[in-house]
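Here is a short report on one protein chain. Keep the sequence and the 3D view open while reading.

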Amino acid sequence: MDLYIDKENLISMIQSRSHDMYDDCVKVIKKQFNVFCNFSKDEIKGNEILSNWFQTLVEGVGLNHTLKFDSSFPEKPLKSNSSNNFNTSQLSAIYLLDDEDIQKLQGTGSVLVGKIGEEINTINRIFFNQNDYLFEKKWKIGSASFNKWSDLSSFTLPLTDILIVDPFISSDRTLIETNLGQLIKVLCTNVRSKVNIVLYTDRGNSIDYPEISAVVRKFAKEVTGIGPNFTLVTYVKQRGVDSLAEHDRTVFTNYIRVNSGDTFNYFDSSGKVITKGRELHFSSLASNENYSLAKILLNDIQEKIDFLKQHRNGIEGDEKSGFLNFN
C-alpha cells in the first residue's frame, strides 16, 4: 500500500509520539508502506524533528519498502472528484495532506484521507480501529457482536469500488435484500459518491439482471445518495471453461478483503441466522501479504472477464470499475 504525506502532516505525526498507537503507526510505515513524500529531501536539512525521524525510518525497513521524495500527489487544491482519475494503486493509498480544501475529498468517502492532526487516527483505521498492530478482524456469525449486517458499519473504510465474488449470493430472491443489499449498504456506510459495483457469480444459480440490479442500485443509493454503476458478470459451468467458476466467497474493496465460508446469505427476512458458516473475516490491505493476494484475485477475475468479453457473453450493466477493465 502507498502512503502520500505532506511535510506538515509528518511533523504533526512525529509530535504525537505520546499517542498509544504512535509506535504501531511508524512500524506499519516502515514495514508495509511505500512512502511518497510531498516535499524535497532538502527540506529535511536544518529541521531537527524530520532529520531525526528519517534516521530511524531507514532502520529495519521492509524488504520491498519504497521511500521517495519530491512527490506532488494528489494535485491541489483538492476537489470532491480528485480520485476520479486515480490509478488502482492510488485508489488504495492513504493520504495525509495539508490542504484547506481537504474536506471536499474527505466528504466523498472515496479514499482514506487525513488532515493535520488526524495522522494516527487515520492510520489506525486500517487496523480496524483496534488500537493494535492488527490487519484482521473476525466475527462469529450470529454472535452479540454480529447478528445483523449493520453491526459492521464502524469497521468499514472509504471506497470507490466493490467486487463481490459468490456463486450463490443472488440465487434466492427472498434473501437478496437482507444480504446482498444490506452488505452493499454497510460497505458504503461513509461513502457519498458514485460507487462501482461488480458481482461475479454462477449464472445457473442467479436470478436475472434486472431484478438484481434494482436491489443493488436501491441499497447503494440509500446510503450514498447517488445511484451506483453496477455490472453483473455471470459464468456457465461447461466443459473446457470450468476455470471460469469461483468457489470461494469473497469481497474486495479499496482497502478491505471480506472472506466468508459457505455463503454471504447469512440472514432471512426476519433476521434469523440461516447459515451453517461460522465466521466472517475482514482483512486490511495495509498488509503486504493481503494486498498481494487481492491483486491476484483482481488479475484472475480480469482474465475471466476478458474471456467472457471475447465470447460476447456473461456481462450485463454499466461495465465501469476502477480496478477491472471491461473495454
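What share of the contacts between residues at least 6 apart in sequence joins residues at least 24 apart? In the protein, that share is 74%. Contact here means heavy atoms within 4.5 Å.

This is a predicted model, where local features need pLDDT of at least 70, side-chain atom pairs count only at pLDDT 80 or more, and totals for chains, interfaces and linings use all residues. Residues are numbered from 1 along each chain as its sequence is written, and side-chain values use heavy atoms, with hydrogens and water left out.

**Overall build**

The protein has nine helices and 13 strands. Both are DSSP runs numbered from the N terminus: helices are H or I with at least four residues, strands are E with at least two. A compact globule of 327 residues would have a radius of gyration near 20 Å, and the 21 Å of the protein agrees. That radius is taken over C-alpha atoms, and the globule rule is 2.2 Å times the number of residues to the power 0.38. Along the principal axes, the C-alpha atoms fill a box of roughly 65 × 45 × 35 Å.

Of the 327 residues, 55% count as buried. Buried means under 20% relative accessible area, exposed over 50%, and partly exposed in between (1.4 Å probe, protein chains only).

**The five-stranded sheet**

One open sheet has five strands in the order β3-β2-β1-β4-β5, with parallel pairing. Strands β3 (67-68) and β5 (112-114) stand at the edges, each with a single partner strand, so one side of each has no neighbour in the sheet. Two strands pair if DSSP finds at least two bridges between them. Strand β2 (residues 34-37) is joined to β3 by two bridges. Phe-36 stands opposite Lys-68 in β3.

**Backbone exceptions**

Most residues other than glycine have a negative phi, and most peptide bonds are trans. The table lists some departures.

| Site | Backbone value | Place |
|---|---|---|
| Phe-73 to Pro-74 | cis, omega near 0° | Pro-74: loop between β3 and α4 (88-91) |
| Lys-76 to Pro-77 | cis, omega near 0° | Pro-77: loop between β3 and α4 |
| Arg-312 | positive phi, about 50° | loop between α9 (288-310) and β13 (315-317) |
| Glu-319 | positive phi, about 55° | segment after β13 |

How exposed is Arg-312, and what is its relative accessible area? Arg-312 is exposed, at 80%. Glu-319 counts as partly exposed, at 27% relative accessibility.
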